[in-house]
Amino acid sequence: MAGVRPARERVDGILLLDKPKGLSSNDALVRARRLLNALKAGHGGTLDPMATGLLPLMFGEATKFAQDALDADKTYLAELTLGVTTDTADAEGQVLQRRAVNVDETALRAACDAFVGGIEQVPPMHSALKRDGKPLYEYARAGIEVERKARPVKIHSIALLDWMPGGDAPRATIRVRCSKGTYIRTLAADIGERLGCGAHLSALRRESVGRLGVEQAIGLDALEALSLEARRARLDPPDALLADLPRVDLDESASARFRNGQRLPAHALAAGQAALLDKLAAPARVRVYSDSRLIGLAQWERRVLAPLRLVALESRAEPVPDAIGCR
């Protein structure tokens, strides 16, 4: 017998999820969206199923700022297994080669240090990057390798936290702080090649995305154990990833014009606001508020405040047909 599940509601905010191992980012998003009964959702940067850690999930108006999560620097805790290379550069792939490991801690630290700074990486075939509208991993699964251009990324730091040289497969644990677009699998493989023994990524945990840290995150099972009200109370505001941007507050008149998509010249701003913005290096992105509520993102350039993203303030909901009892 068919029924109607309670209407999905507009929910605005960012959920800091501690993604479990073995679950895709999209599957985690689908489950969290159901638990929050949210109308609109997206995530700010994919984590592979084998990886755990911080996955920012955006709901409602927060989805408009998902690109800021994608563009933010990331921090990862990574385990490298030396002497073994795989076709995916991680533990989920097929072993390609085993080599002897004649590496000490000094050599390992030197190899890590060699990748700090601006480097170029060739994206792995087992990745979601698209070629002719098709993800690279689909070509890889079909046994087809396509040419990939190296892309510039930046490794801000690599810290060696643990070195376990014994056994058939020595392991190292490192913390990597890097720019967007960095493949830690590729970094692990490249470090292994520099050492002359090969390596693959055997474990990965994302610790931070920009200012957001995994220590504030919640797991899916813990989220499910809460009431709906308590789940929604876990949400950070939609602009949580924008906290480093300057803030400008508009009065009622300027706010109305801004929300209609109009550009605001300096003389339309409240006293002191233009002077504050003039101190910024233009062009500059700024958060725009009215009556203590975020109403959008703007660019300040040539003493004009131009809307980039507008935040809708009205609430809405829509019924979702479903089978009675389905989750």
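This is a walk through one protein chain, from its overall make-up to a few single residues.

The model is predicted. The chain has 327 residues, and 47% of them are buried. It contains 9 helices and 20 strands. Many contacts reach far along the sequence. Take the contacts between residues at least 6 apart: 69% of them join residues at least 24 apart.

Start with strand β13, residues 199–209. Of its 11 residues, 9 are buried, so the strand is largely enclosed by the rest of the structure. Strands of a sheet pair through backbone hydrogen bonds, and the pairing may be parallel or antiparallel. β13 takes part in both senses. With β4 (residues 52–59) it pairs in the parallel sense, over 2 bridges. With β5 it pairs in the antiparallel sense, over 9 bridges. Look at Arg206 to see both pairings. Arg206 in β13 is the bridge partner of Gly53. Arg206 in β13 is also the bridge partner of Tyr76.

Now follow β13 to its end. Strand β14, residues 212–213, pairs with β13 in the antiparallel sense over 2 bridges. Ser208 has Gly213 in β14 as its bridge partner. The two strands, β13 and β14, form a hairpin with 2 residues between them. One turn residue is Gly210, whose phi is positive, at about 60°.

The residues around this hairpin lead to Asp73. Asp73 sits in the loop between helix α2 (66–71) and strand β5 (74–82). Is Asp73 buried, partly exposed or exposed? Asp73 is partly exposed, because its relative accessibility is 31%, and the buried class ends at 20% while the exposed class begins over 50%. Which residues does Asp73 touch, beyond its neighbours within four places in sequence? The contacts are His156, Arg177, Cys178, Ser179, Ser208, Val209 and Gly210. Ser208 is 135 residues away from Asp73 along the chain, yet their C-alpha atoms are separated by 8.1 Å.

Cys178, one of the contacts of Asp73, is itself buried, at 0% relative accessibility. Cys112 is buried too, with a relative accessible area of 2%. How many disulfides does the structure hold? The count is 0.

Next, move to the sheet further along the chain. This is an open sheet of 5 strands, in the order β15-β17-β18-β19-β16, with mixed pairing. Its edge strands are β15 (247–250) and β16 (264–265), each pairing on one side only. β15 runs parallel to β17 (residues 284–290), and 4 bridges join them. Within that pair, Asp249 stands opposite Tyr289 of β17. Tyr289 has a further partner of another kind: Arg247 lies over the face of its ring, 3.8 Å from the ring centre. Aromatic pairs are another matter. A search of the whole structure finds 0 of them.

Helix α8, residues 252–259, lies across this sheet. It lies across β15, β16, β17, β18 (293–301) and β19 (304–310), and runs at about 75° to β18.

Between β18 and β19 comes a loop, and Arg302 lies in it. Arg302 is not a glycine, yet its phi is positive, at about 55°. Arg302 counts as exposed, because its relative accessibility is 76% and the cut-off for exposed is over 50%.

Ala89 makes a useful comparison. Its phi is near 70°, again a positive value in a residue other than glycine. Ala89 is placed in the loop between β6 (84–86) and β7 (95–98). Here the setting is buried: relative accessibility is 12%.

One more loop residue closes the tour. Asn37 is found between helix α1 (25–36) and strand β3 (41–43). Is Asn37 buried or exposed? Asn37 counts as buried because its relative accessibility is 13%, and buried means under 20%. Its contacts, apart from neighbours within four places in sequence, are Pro6, Ala7, Arg8, Glu9, Val11 and Arg232.

Definitions and conventions:
Residues are numbered from 1 along each chain as its sequence is written. This is a predicted model: local features need pLDDT of at least 70, side-chain atom pairs count only at pLDDT 80 or more; totals for chains, interfaces and linings use all residues. Side-chain values use heavy atoms; hydrogens and water are left out. Rings of Phe, Tyr and Trp (its six-membered ring) pair if their centres lie within 6.5 Å; planes under 30 degrees apart count as stacked, over 60 as edge-to-face and the rest as tilted. A charge sits over a ring if NZ of Lys or CZ of Arg is within 6 Å of the ring centre and within 35 degrees of the ring normal. A disulfide is a pair of cysteine sulfur atoms within 2.5 Å. Buried means under 20% relative accessible area, exposed over 50%, partly exposed in between (1.4 Å probe, protein chains only). Two strands pair if DSSP finds at least two bridges between them. Contact means heavy atoms within 4.5 Å. Axes are lines fitted to C-alpha atoms, for helices over the stretch in contact, and angles run from 0 to 180 degrees between N-to-C directions.
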